[in-house]
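Here is a quick walk through a model, taking the helices, the charged pairs and the pocket in turn. Keep the structure open and follow along.

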Amino acid sequence: ICLDPWHLRHVEKDVLIPKIMREKARERCSEQVQDFTKCCKNSGVLMVVKCRKENSALKECLTAYYNDPAFYEECKMEYLKEREEFRKTGIPTKKRLQKLPTSM
């Protein structure tokens, strides 16, 4: 196992970092996500036809982030920080962020 802090395995480059990118891009495109969601809820089965404008705006926003090298680097650094913390503690980020019970 390579423990070089900058080395990325295939799964990290192609799966884990893109997952962070999708989550962060959806947060940053929240207005477009809300508009598209609202349109879909109001359009029922006609959403494919009625929500083209909202869908295009959402895709455009997300794609701009997915194609931004600086955004990729930001997400990669976030991933590397989480991975380093996991290697130190053995506790995944998700579990570290959960609140501990106040009384036992």
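A helix here is a DSSP run of H or I that is at least four residues long, and helices are numbered from the N terminus. With that in hand, take Lys76 and Glu73: both sit in helix α5, three residues apart, which is about one turn of the helix. Their side chains meet in a salt bridge, at 3.5 Å from N to O. Lys76 is buried, with a relative accessible area of 17%, whereas Glu73 is partly exposed at 36%.

A word on what you're looking at: this is a predicted model.

**The overall fold**

What does the secondary structure come to? The protein chain has six helices and zero strands. Read from the N terminus, the elements go α-α-α-α-α-α. Of the 104 residues in the protein chain, 24% are buried.

**Charged pairs**

Side chains of opposite charge can pair when their charged atoms come close. A search of the whole structure turns up seven salt bridges. One of them joins the side chains of Glu78 and Lys24, with 3.1 Å between N and O. Glu78 belongs to helix α5 and Lys24 to helix α1, so this pair ties together parts that are 54 residues apart in sequence. Glu78 is partly exposed, with a relative accessible area of 28%. Lys24 has a relative accessible area of 16%, and since buried means under 20%, Lys24 counts as buried.

Another salt bridge brings together the side chains of Glu74 and Arg28, at 2.5 Å from N to O. This pair also links distant parts of the chain, with Glu74 in helix α5 and Arg28 in helix α1, 46 residues apart. Glu74 is partly exposed at 32% relative accessible area, and Arg28 is partly exposed at 38%.

Here are the three pairs described so far, side by side:

| Salt bridge | N to O distance |
|---|---|
| Glu78 and Lys24 | 3.1 Å |
| Glu74 and Arg28 | 2.5 Å |
| Lys76 and Glu73 | 3.5 Å |

Back in helix α5, Lys76 and Glu73 are the pair set three residues apart. Which residues do shared partners join into one network? Salt bridges with partners in common connect Lys24, Arg28, Glu74 and Glu78.

**The largest pocket**

Helices α1 and α5 turn up again in the largest pocket, which holds about 470 Å³ of space. Its lining counts 15 residues, and the closest to the pocket centre are Ile20, Tyr79, Glu82, Thr93 and Lys94. Which helices each supply at least two residues of that lining? They are α1 (10–28), α5 (69–89) and α6 (93–97). The largest share comes from α1, with six residues. Sorted by class, the lining has six nonpolar, one polar and eight charged residues.

**A nonpolar patch**

For something greasier, look at Val11, Val15 and Leu16, which make a nonpolar surface patch of about 190 Å². Leu16 is in helix α1. At 30% relative accessibility, Leu16 counts as partly exposed.

**Contacts across the chain**

Next come some residue pairs that are separated along the chain, each with a C-alpha distance to check.

Start with Glu12, another residue of helix α1. Is Glu12 buried or exposed? At 2% relative accessibility, Glu12 counts as buried. The C-alpha atoms of Glu12 and Leu80 are 9.6 Å apart, while the two residues are 68 residues apart along the chain.

Helix α4 gives you two more residues to look at. Tyr66 is placed in helix α4 and is partly exposed, with a relative accessible area of 34%. Between the C-alpha atoms of Tyr66 and Met21 there are 7.0 Å, with 45 residues separating the pair along the chain.

Ser56 lies in helix α4 too, which spans residues 52–66. With 45% relative accessibility, Ser56 counts as partly exposed. The C-alpha atoms of Ser56 and Phe36 are separated by 9.2 Å, and these residues are 20 residues apart along the chain.

**Pulling it together**

If you revisit one element, make it helix α1: Lys24 of α1 pairs with Glu78 of α5, Arg28 of α1 pairs with Glu74 of α5, and α1 gives the largest share of the pocket lining.

How values were computed. Residues numbered from 1 in each chain as written. Predicted model: local features only at pLDDT ≥ 70, side-chain atom pairs only at ≥ 80, totals over all residues. Heavy atoms only, no water. 1 Å grid on protein atoms, 1.4 Å probe; cavity = no way out; pocket = protein on both sides within 12 Å on 5 of 7 lines; lining within 4 Å. Points joined across faces, edges and corners; volume = space filled by probe spheres on them. Nonpolar A, V, L, I, M, F, W, Y, C, P; charged D, E, K, R; others polar. Patch = residues over 30% accessible without salt bridge, like charges linked within 9 Å, V, L, I, M, F, W, Y side chains within 5 Å. Areas by Shrake-Rupley, 256 points an atom, 1.4 Å probe, with all protein chains shown as cover. Salt bridge = Lys/Arg side-chain N within 4 Å of Asp/Glu carboxyl O. Buried < 20%, exposed > 50% of the residue type's maximum accessible area, 1.4 Å probe, protein only.
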